[in-house]
Amino acid sequence: MRVLVVEDELAMVEALTNGLTTMGWSVEVATDGLDGLWLATERTYDVIVLDLMLPGMNGHDVCRNLRKAGIWTQVLVLTSLDGKQDEADVLDIGADDYLAKPFSFVVLAARLRALYRRGTAPRPATLSAGDLTLDPFSNLCTRGGTTIMLTTREAAVLKVLIRRGGQVVSKSLILDLVWGEDFPGDPNIVEVYVGHLRRKIDRPFEVNLLRTVRGVGYQLAKVVT
Ligand code: CA
């Protein structure tokens, strides 16, 4: 099994290289994001272990660029415990799995073996609700085959609603997930963006998907098409 490790902490690089080599795996290392992207693009690996905080190019962009280039090597992202990214975040960049630092090597090895078994077939993850689709990498949105242009924030709000499949999502949860828990501005920004979304994904169409549940939050209606 060929593994690419993209990690800038040398102690971590050494530990991973030693551990994986001992298991008989072939390991190559990039210590910055640009080198990592280059190696992952030019050479063939079974699995990539990708740190997020990297010099040159961060892990989010490395992963996004790989997927954009049509490279579907399995990616396991290493996250920090203090990081605020949640699972949805990591999956949005096209990663396949993640592990929070510090982790046990035994767990990492098991996860890598599982990823290796899954192979490298293309697996675009389009989100959908009724006749609405959203590509979480490109933010390309369509409804009933019509392309809808969304800004990054609008797409982020829509992702939160689609992922919660018909549940009511509170304004404060949307605010935390899209703008961050430390957002210093006016929380009514959520209403503003829901308004933008409504104009784009609902107004031109016959059936409204986005509902306001007064005093509670918002939900995407489940539409059977
Ligand atoms: Ca790092």
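A residue is called buried here when its relative accessible area is under 20%, exposed when that area is over 50%, and partly exposed in between. The structure described is a predicted model.

**E154 and its helix**

With a relative accessible area of 5%, E154 falls under the 20% limit and therefore counts as buried. E154 is part of helix α6. Apart from neighbours within four places in sequence, the residues in contact with E154 are M149, Y193, H196, L197 and K200.

Helix α6 runs over residues 152-163, which makes 12 residues. From the first C-alpha to the last it reaches 16 Å, close to the 16 Å expected at 1.5 Å a residue. Besides E154, the buried residues of α6 are A155, V157, L158, K159, V160, L161 and I162. After the helix comes G165, which has a positive phi, near 30°.

**The chain as a whole**

The protein chain contains 225 residues, and 42% of them are buried. It has 8 helices and 12 strands. Along the principal axes, the C-alpha trace spans about 60 × 35 × 30 Å. Of the contacts with a separation of 6 or more, 57% are between residues 24 or more positions apart. The exposed area of the chain is about 11500 Å², and carbon and sulfur atoms supply 52% of it. There are 25 positive and 28 negative side chains; the centres of these two sets lie 8 Å apart.

**Strands β1, β3 and β4**

Strands of a sheet pair through backbone hydrogen bonds, either parallel or antiparallel. Strand β3 covers residues 47-51 and pairs with β4 in the parallel sense over 5 bridges. Within that pairing, L50 has V77 of β4 as its bridge partner. Strand β1, residues 2-6, also runs parallel to β3, and 4 bridges join the two. Here V5 has V49 of β3 as its bridge partner.

How many of the residues of β3 are buried? The count is 5 of 5. In a regular strand the side chains alternate between the two faces of the sheet. In β3, V47, V49 and D51 are buried on one side, and I48 and L50 are buried on the other, so that both faces are covered. Strand β4, residues 74-80, is mostly covered as well, with 6 of its 7 residues buried.

**Strands β10, β11 and β12**

Another group of 3 strands forms an open sheet with antiparallel pairing, in the order β10-β12-β11. Because β10 (169-170) and β11 (210-213) each have a single partner strand, they stand at the edges, and one side of each is left without a neighbour in the sheet. Strand β12, residues 217-220, pairs with β11 over 4 antiparallel bridges. In that pairing L210 is matched with L220 of β12.

The strand pairings for which a bridge count and a bridge partner are given above can be set side by side.

| Strands | Sense | Bridges | One bridge pair |
|---|---|---|---|
| β1 and β3 | parallel | 4 bridges | V5 and V49 |
| β3 and β4 | parallel | 5 bridges | L50 and V77 |
| β11 and β12 | antiparallel | 4 bridges | L210 and L220 |

**L34 and P102**

Is L34 buried, partly exposed or exposed? Its relative accessibility is 47%, a value between the 20% and 50% limits, so L34 counts as partly exposed. L34 lies in helix α2, residues 33-42. Leaving aside neighbours within four places in sequence, L34 is in contact with G56 and M57. L34 and N65 are 31 residues apart in sequence, and their C-alpha atoms are 11 Å apart in space.

P102 sits in the loop between β5 (97-101) and α5 (105-118). The relative accessible area of P102 is 72%, over the 50% limit, and P102 is therefore exposed. The peptide bond leading from K101 to P102 is cis, and its omega is near -5°. P102 and M12 are 90 residues apart along the chain, with 10.0 Å between their C-alpha atoms.

Conventions. Residues are numbered from 1 along each chain as its sequence is written. This is a predicted model: local features need pLDDT of at least 70, side-chain atom pairs count only at pLDDT 80 or more; totals for chains, interfaces and linings use all residues. Side-chain values use heavy atoms; hydrogens and water are left out. Buried means under 20% relative accessible area, exposed over 50%, partly exposed in between (1.4 Å probe, protein chains only). Contact means heavy atoms within 4.5 Å. Accessible areas come from the Shrake-Rupley method with a 1.4 Å probe; for residues, only the protein chains shown count as cover. Lys and Arg count as positive and Asp and Glu as negative; His and the chain ends are not counted. The place of a charge is taken as NZ of Lys, CZ of Arg, CG of Asp or CD of Glu. The expected span of a helix is 1.5 Å times one less than its number of residues. Two strands pair if DSSP finds at least two bridges between them.
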